[in-house]
Amino acid sequence: MMMELLQWLEHTPIAHAIRDWRWAYPALETGHYIGLSLLVGGIMLIDLRVLGFAPKLQLKSMIGLLPFVWVGFLINVTTGSLLFIYGAVNFGTNHAFWVKMICLVIAGLNALAFDLSIKRYSYDWVAAERPPPLVKTFATLSFALWLCVVTAGRWMAYI
Amino acid sequence: MGFLEWLQGTWVATTVAESLWGYPTFETMHTMGMALLIGSLGLINLRVLGFKPGLKIFDTRALLPLAWIGFTLNAISGSALFVSDAVMFFNSYTFRLKIVLIILGGINAALLSRKIFSEPAQGGAAVVPTTGMKWIAGTSLVFWFGAIICGRLIAYTP
C-alpha cells in the first residue's frame with residue numbers, strides 16, 4: 001500500500017518534470033539550503049537569545065524574526081515536497097528520512113508550545129525580558145531538535 | 001599537483017573519505033555552521049538595510065561572536081571535506097568561485113563592522129545607515145547566498 005503510493009508519486013507529471021530537466025534537482029537542493037539558513041538560522045538566534053545570549057538585543061525584536069523563519073519554512077516545505085516526489089521510493093524507505101520527519105513534527109509542536117507561552121502567559125515575559133524556566137526549556141529543546149533535523153537530513157544520503 | 005595528492009593521502013583525508021561517519025559528520029557541521037553564520041550576518045545586513053528598526057544597529061554587534069563560531073565551524077569542517085577530495089575540489093571552477101565569494105563576503109563584513117560598530121557609534125547618537133553602508137550590506141547578502149548556491153552546485157558542475 002505504502003510502496004504503491006510511493007511508486008505512484010514517482011510517476012506523477014511533477015516527478016517526470018524534475019527528472020527531465022537536468023538542473024531541477026540541484027536547483028531544488030540549493031533552494032532547500034537557502035530555506036534552511038533562514039529557518040534554522042532564525043530559530044537558533046531566537047533560541048540563543050531566550051537562553052540569555054546577546055542580552056542587549058531586545059527579545060521582542062528577536063522574536064520579530066519569525067516572519068523570516070516562516071519564509072524559510074515555506075521554501076523548505078515546497079522544495080522538500082518536490083524532492084520527495086522525485087525520489088519517493090528512495091526517501092520513503094530511508095530510516096534517516098523518517099527520523100528527520102519525526103524530529104520535525106516534535107520541533108513543530110515545541111514551537112507551538114513556545115508560541116502559546118508568549119500569548120497566554122499571565123505576565124508578559126517578552127516585554128520584561130525575563131523568559132521563565134519553562135520557556136528556556138522550549139528554547140533548549142528547539143535547538144536540539146533542529147540540530148537533529150539537519151543531522152538526519154544530511155545522513156539520508158549515507159543510509 | 002603533488003601537494004594536493006599528498007593532502008588527499010594524509011590520515012585526516014582518508015579518514016574523512018573512507019570512514020562511514022566522517023563525510024556526513026563534517027557535512028552536518030558545515031550545514032549548522034552555515035545556518036549560524038548566514039543567520040547572524042544576514043540579520044546584521046538586513047538591519048542595516050532597514051529591517052527590524054526596533055533593534056539598535058550598534059547592539060547587533062552582539063551577534064558577531066555567533067558569526068565567528070559559525071565561520072570557525074565551517075572553516076574546520078570545510079577543510080576536512082576539502083582534503084578528503086583535494087584534487088577534485090581544487091579543479092572545480094564552482095568551488096573556486098565559492099571561495100572567492102567567501103573572501104568578498106569576509107571583506108564586506110570587515111568593512112561594515114568598521115563603519116557601524118566603531119567606538120564613536122557607541123552610546124550617544126544611533127547609527128543611521130548611509131547609502132554606502134546599505135550597498136555593502138546588500139552585496140554581502142548576494143555574496144553569502146552566492147556561496148551557498150556554489151557550494152551546493154559543486155557536485156553538479158565542472
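**Group meeting talk: chains A and B of a predicted model**

I'll start with one residue, A:Gly153, which sits in helix α8 of chain A. Keep in mind throughout that this is a predicted model. Is A:Gly153 buried or exposed? A:Gly153 is buried, because 22 other C-beta atoms lie within 10 Å, and the cut-off for buried is 20 or more. Across from A:Gly153 is A:Lys100, 53 residues away in sequence, with 6.1 Å between the two C-alpha atoms.

Stay on the same helix for a moment. A:Cys148 is also placed in α8 of chain A, a helix that covers residues 133-155. A:Cys148 has 17 other C-beta atoms within 10 Å, so A:Cys148 comes out as partly exposed. That count falls between the limit for exposed, 12 or fewer, and the limit for buried, 20 or more. Its C-alpha atom is 8.7 Å from that of A:Leu104, and 44 residues separate the pair along the chain.

Now to helix α7 of chain A, residues 95-120. This helix has 26 residues, and from first C-alpha to last it reaches 37 Å, close to the 38 Å expected at 1.5 Å a residue. Which residues of α7(A) are buried? They are A:Lys100, A:Cys103, A:Ala107, A:Ala111 and A:Phe114. A:Lys100 is the residue I just paired with A:Gly153. What covers the buried residues of α7(A)? The cover includes α8 of chain A, the helix where we began.

Next is helix α3 of chain A, residues 24-50. Its 27 residues should span 39 Å at 1.5 Å a residue, and its end C-alpha atoms are 39 Å apart, so the expected and the modelled lengths agree. Just after α3(A) comes A:Gly52, with a positive phi of about 110 degrees. A:Ala54 also has a positive phi, of about 50 degrees, although A:Ala54 is not a glycine. Where does A:Ala54 lie? A:Ala54 is in the loop that runs between α3 and α4 of chain A, with α4 at residues 59-63. A:Ala54 counts as partly exposed because 18 C-beta neighbours are inside 10 Å, short of the 20 needed for buried.

Let me step back to the whole of chain A. How many helices and strands are there in chain A? There are eight helices and zero strands, and read along the sequence the pattern is α-α-α-α-α-α-α-α. Along the principal axes, the C-alpha atoms of chain A fill a box of roughly 55 × 30 × 25 Å. Chain A has 159 residues, and 31% of them count as buried. Of the contacts in chain A with a separation of 6 or more, 82% join residues 24 or more positions apart.

Chain B next. Chain B has seven helices and zero strands, in the pattern α-α-α-α-α-α-α. Its C-alpha atoms fill a box of roughly 55 × 25 × 25 Å, again along the principal axes. Of its 158 residues, 38% count as buried. For contacts in chain B with a separation of 6 or more, residues 24 or more positions apart account for 83%.

Now the contact between the chains. It takes 27 residues from chain B and 26 residues from chain A. Which elements give two or more residues to the side of chain B that touches chain A? Those elements are α3 (22-48) and α7 (131-153) of chain B. α3(B) gives the most to that side, with 13 residues. By type, the residues on that side of chain B divide into 16 nonpolar, seven polar and four charged.

The largest nonpolar core has 68 residues, and those with the most contacts inside it are A:Val40 and B:Ala35. α3(B) gives the most to this core, with 13 residues. What does B:Ala35 touch, leaving out residues up to four places away in sequence? The list is A:Leu36, A:Ser37, A:Val40, A:Gly41 and A:Met44. So far as names go, A:Val40 appears both in that list and among the residues with the most contacts inside the core.

Last, the confidence scores. The model has an ipTM of 0.87 and a pTM of 0.90. In chain B the pLDDT averages 90, and 95% of the residues score at least 70. Where pLDDT is low, the predicted coordinates should not be read in detail.

Key: Residues numbered from 1 in each chain as written. Chains lettered and ligands numbered in written order. Predicted model: local features only at pLDDT ≥ 70, side-chain atom pairs only at ≥ 80, totals over all residues. Contact = placed C-beta atoms within 7 Å. Helix = DSSP H or I, 4+ residues; strand = E, 2+ residues; numbered from the N terminus. Nonpolar A, V, L, I, M, F, W, Y, C, P; charged D, E, K, R; others polar. Core = buried A, V, L, I, M, F, W, Y, C linked by C-beta atoms within 7 Å. Expected span 1.5 Å × (residues − 1). pLDDT = per-residue confidence, 0-100.
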